Amino acid sequence: MHDPIADTTGTDDLQAESNELSAVARFARHVVHDFNNVLGTALGNLELAQTTLDKSSDSSGYLVKVDRALGRAAALTDELLLFAADRPAHPAAADPAAFIRQLKPKISARLAPGIAVELRLSGGELSVEVDAADFESAVLRLVDNAGDAMGEEGQLRISVEKHVLDGRDLPAGQSLSPGSYVVVAVTDNGTGMTEEIRSRALSPFFSTRRRSDRRGLGLSAVFGFAMRHRGGVDFAPRTGGGTCASLYLPCRKVEEE
Amino acid sequence: MRQRLLVLDDDPDFGSFVRKVAEDAGYEVTVLEDAHAFKRVYQQFAPHRIVLDVVMPEIDGIEIMKWLASVGNTASVILVSGYSPHYMKAAELIAKSGTGAEVTVLVKPISISDLTQALNN
């Protein structure tokens, strides 16, 4: 796994990017709040109108189209919250190694048949406090990103292990406090990220993908997940080609005591 | 006797949506846009249930929740908001720590069925 502690390349750039994304997330939360208020009024009254109209009328057909359009707007605010929400919706204790092991079928199903999946899960007992659905979404987005970089063939490795960071060796560009972390690292042997792509990888709606079904918030949702769980996310080149994406999550305190 | 519902939301068009759904559910409904009138109307109307927008321009919804707790409110409260987890959580805690009144949280947009279900619970 990439050692973020030893790599200080681009520290200032990454920190600036992280600070900027945090500011964008605050802005996005305000937008989501105001926008949902507008959608609440529009969709509520639209639904009332639809209950009073003959479903075969032209007007009813037009309102169906309005409903679809507003539904897409509502889905967009939901998507924005994957990036911008500032706290987990349903935090609960989880064993990250067991979580990844259970997730393996979903991980394999998202990748081309020619990609081998290897799990390296720490033997010791680890515990994190996460929103499970949010955690799954974050890991699968990292997997999607790795899969796109590999195409039809390759090797994907997911490791889970504990890192203890003190005040002197905090990873580059991260807003992490000293302490114990679980690191979920997703490593591929694909095309790798250029420095430019790496610096923009967490920006909302940034994508190098051709597949339209995977555009959207992409890795910025992983950043949002990490921030609201007081963690971090880091990308580093893999020796020999490819990328190692590391997701840092604080160890649950009970585990440290 | 019909159940009484007091609605406070600064958007009158959302308030009218809640009124229509609540009246169809059998409620006698009063809708307020002005938060300053809330305390007076609350005492006169004696609602069984309250729909409250947590974030409004002039009065913090949390202030209203604190006031409701201070007067021993027993009406169940449905908190609505676009997205304000801090406010929602704070208001929910205040409501629950006060009088034991039931609190439901709904995030806009809200469908007729979701609102009806919350009103019927």
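This short presentation describes a sheet in chain B and two nonpolar cores, all taken from a predicted model.

Let me begin with the sheet. In chain B, five strands form an open sheet, and their order is β2-β1-β3-β4-β5, with parallel pairing. Strands β2 (28-32) and β5 (103-107) of chain B stand at the edges; each has a single partner strand, so one side of each is left without a neighbour in the sheet. From one strand to the next, the twist averages 15 degrees.

Consider now one pair within this sheet. Strand β1 (residues 4-8) of chain B runs parallel to strand β3 (residues 49-53) of chain B, and four bridges join them. Which residue of β3(B) is the bridge partner of B:L5? That partner is B:R49.

Two helices of chain B deserve mention here. Helix α2 (residues 38-45) packs on the sheet and touches β1, β2 and β3 of chain B; the direction of α2 makes about 175 degrees with that of β1(B). Helix α3 (residues 61-70) of chain B also packs on the sheet, where it touches β1, β3 and β4 (76-81) of chain B. The direction of α3 makes about 155 degrees with that of β3(B).

I turn to the nonpolar cores. The largest has 51 residues, of which A:I107, A:F135, A:L156 and A:L247 touch the most other members. Helix α4 (residues 132-150) of chain A gives the most to this core, namely eight residues. Beyond its neighbours within four places in sequence, A:L247 has contacts that include A:F135, A:L142, A:V183 and A:F225. A second, separate core has 26 residues, among them B:L8, B:F45, B:I64 and B:M65.

How values were computed. Residues are numbered from 1 along each chain as its sequence is written. Chains are lettered from A and ligands numbered from 1 in the order in which they are written. This is a predicted model: local features need pLDDT of at least 70, side-chain atom pairs count only at pLDDT 80 or more; totals for chains, interfaces and linings use all residues. Side-chain values use heavy atoms; hydrogens and water are left out. Two strands pair if DSSP finds at least two bridges between them. Helices (H or I, at least four residues) and strands (E, at least two) are DSSP runs, numbered from the N terminus. Axes are lines fitted to C-alpha atoms, for helices over the stretch in contact, and angles run from 0 to 180 degrees between N-to-C directions. Contact means heavy atoms within 4.5 Å. A nonpolar core is a set of buried Ala, Val, Leu, Ile, Met, Phe, Trp, Tyr and Cys residues joined through side-chain atoms within 4.5 Å. Buried means under 20% relative accessible area, exposed over 50%, partly exposed in between (1.4 Å probe, protein chains only).
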